[in-house]
Amino acid sequence: MSKNYAAVAHSIVDAIGGVGNVAAVTHCMTRLRFTLVDNNVVDLPRLKAISGVMGVVSNDQQCQVIIGNTVSQAYAEVVKLLPQSATGQPAQPVKQRLTLRRIGAGILDALIGTMSPLIPAIIGGSMVKLLAMILDMTGVFDKGSSTLIILNVIGDGAFFFLPVMVAASAAIKFKTNMSLAIAIAGVLVHPNFIDLMAKAAQGQPVEFIGFSVTAVKYTYTVIPALCMTWLLSYIERWVDKITPAVTKNFLKPMLIVLIAAPIAIMLIGPLGIWIGSGISALVYTVHSYLGWLSVAIMGAIWPLLVMTGMHRVFTPTIIQTIAETGKEAMVMPSEIGANLSLGGSSLAVAWRTKNPELRQTALAAAASAIVAGISEPALYGVALRLKRPLIACLISGFICGGIAGIGGLASHSMASPGLFTSVQFFDPANPMSIVWVFAVMVLAVVISFITTLLLGFEDIPVEQPKSETTQPESNPLTPLKNH
């Protein structure tokens, strides 16, 4: 990608309609995510043609610009271009007619916008837990040593207090008071409330002002805090309207907490748990019936899910499954073949292409996918751009996903599968798991490399400078012109 991030940022903002059309902007690991005032003014061909932009995903809610691993640097330059209003809040998007499609897109946008900022903490925590597991297994520290306990606590912190983290992130997404969102989520993980829910689970009646409270465990969960914060954004606006100005400093927050917290405990929390459990049960019921075939299918369609942003739908399920069982055996194993297949396909393109710029892009994308497990540069910069390499990746992803399923691979973390993070698939109870994961990784690179060469691709021609192709032969009697 071009190192002139300021110029890239200027071009992107101009192509999406200028600074006045930007309602909000965030970024994840590889994408700039713009919420726009009017999506219709975006110049998509111009946006896709910008040097440094690997692809664009646009829907009713967001315009996502794929940058790659250097997205944070591009984001920093974009932010510099966006003026703050007098209130510090971005402009509000134009209200559009409510449809089922927009509702679905809105739910997906809320989920992605909330979870994306939390992924680094979740990955960091899960890798620390994995480190503690390996140290315990190798006997570096005594069983039950305080060092291992502290390491496990460090790794578990992001999971145990996940409702609080979700509430804070969702408060930014839904533009509501973050401290109130955190306070209400904190109720769900308060030690006394956890103890009360444990007693309720054992059959002891638990009531609040005469209403029965459902026994629910909220630690390690995502959906309840997300739904609660969304509802809080409406409660806050309603309370703000009904409270006199002279009492807002104390009466407004008191009423918000008194209204929102009981609703979260008695209604939204249990509903969120049922929704999350239902999604998780559906995913793993399919896995239990299809076995390795479900992993193979997921490996084949994973690049397509990434293209649409739908892969983030599985994030809460993965987090909750790892937190509750210690591992996840369907989605994460399928990513091994998908990610490294994109890397192998990119290596084949770099080997075959005559275009120096494409070769450089393909090599960088291959390194990102194989080493770090970040596949979007390879997906958008190479596979999708050339079409046939994408088909090769889907074929390879299916084969390698099936092998990962047959080998019984499961991840103890949710870091993107790659060479550096392959240790997350190591199972102390099954030492052969490390052999299986490296076999899948090698096969993914080899199969996708060979398949890409067999299918071939239409190479991007090298553009010759105009001075070399259009300049007429010089005449000694004709004065030279400045170019």
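These exercises, each with a worked solution, explore a predicted model of one protein chain.

**Exercise 1. Find which residues of helix α1 are buried, and decide where they lie around the helix.**

Solution. Begin with the helix itself, which runs over residues 5-15 and in which Y5, V8, A9, I12, V13 and A15 are buried. Next, look down the axis of α1: the buried residues fall within an arc of 165°, so they line one face of the helix. Then ask what this face meets, and the contacts turn out to be with β2 (31-36), α2 (44-48), β4 (63-66) and α3 (71-81). Finally, follow the chain just past the end of α1, where G17 takes a positive phi of about 110°.

**Exercise 2. Compare how the salt-bridge partners K80 and E77, K199 and D195, and K252 and D240 are placed along the chain.**

Solution. The structure holds four salt bridges, and this exercise takes up the pairs named in the task. In the pair K80 and E77, the side chains meet with N and O 3.3 Å apart, and both residues belong to helix α3, where three residues, about one turn, lie between their positions. An α-helix has 3.6 residues a turn, so residues three or four places apart point the same way. K80 is exposed, its relative accessible area being 63%.

The pair K199 and D195 has an N to O distance of 3.5 Å, and because these residues are four apart in helix α9 (residues 191-201), about one helical turn separates them. K199 is partly exposed at 35% relative accessible area, and D195 is likewise partly exposed at 40%.

For K252 and D240, the closest N and O atoms are 3.2 Å apart. This pair links distant parts of the chain, since K252 sits in helix α11 and D240 in helix α10 (residues 223-242), twelve residues apart. K252 counts as buried because its relative accessible area of 18% falls under the 20% cut-off, while D240, with 31%, is partly exposed.

**Exercise 3. Identify the elements that give two or more residues to the nonpolar surface patch, and place L290 among them.**

Solution. First, note the patch, which covers about 1,000 Å² and includes L282, L290, I297, I395 and L455 among its residues. The elements that give two or more residues to this patch are α11 (251-290), α12 (292-308) and α17 (388-406). L290 is found in helix α11, and with a relative accessible area of 37% L290 is partly exposed.

**Exercise 4. Describe the chain over residues 105-128 and 390-414, which the UniProt record annotates as "transmembrane region".**

Solution. The annotation comes from an unreviewed UniProt entry. Over residues 105-128 the model is 88% helix and 0% strand, with the end C-alpha atoms 34 Å apart. Over residues 390-414 the values are 68% helix and 0% strand, and the end C-alpha atoms are 24 Å apart.

Technical notes
Residues are numbered from 1 along each chain as its sequence is written. This is a predicted model: local features need pLDDT of at least 70, side-chain atom pairs count only at pLDDT 80 or more; totals for chains, interfaces and linings use all residues. Side-chain values use heavy atoms; hydrogens and water are left out. Patches are made of residues with over 30% relative accessible area and no salt bridge: like charges are joined within 9 Å, nonpolar side chains (Val, Leu, Ile, Met, Phe, Trp, Tyr) within 5 Å. Accessible areas come from the Shrake-Rupley method with a 1.4 Å probe; for residues, only the protein chains shown count as cover. Buried means under 20% relative accessible area, exposed over 50%, partly exposed in between (1.4 Å probe, protein chains only). UniProt positions are given in the numbering used here, feature names are shortened, and annotations may be inferred rather than shown by experiment. The arc is that of the directions from the helix axis to the C-beta atoms. Contact means heavy atoms within 4.5 Å.
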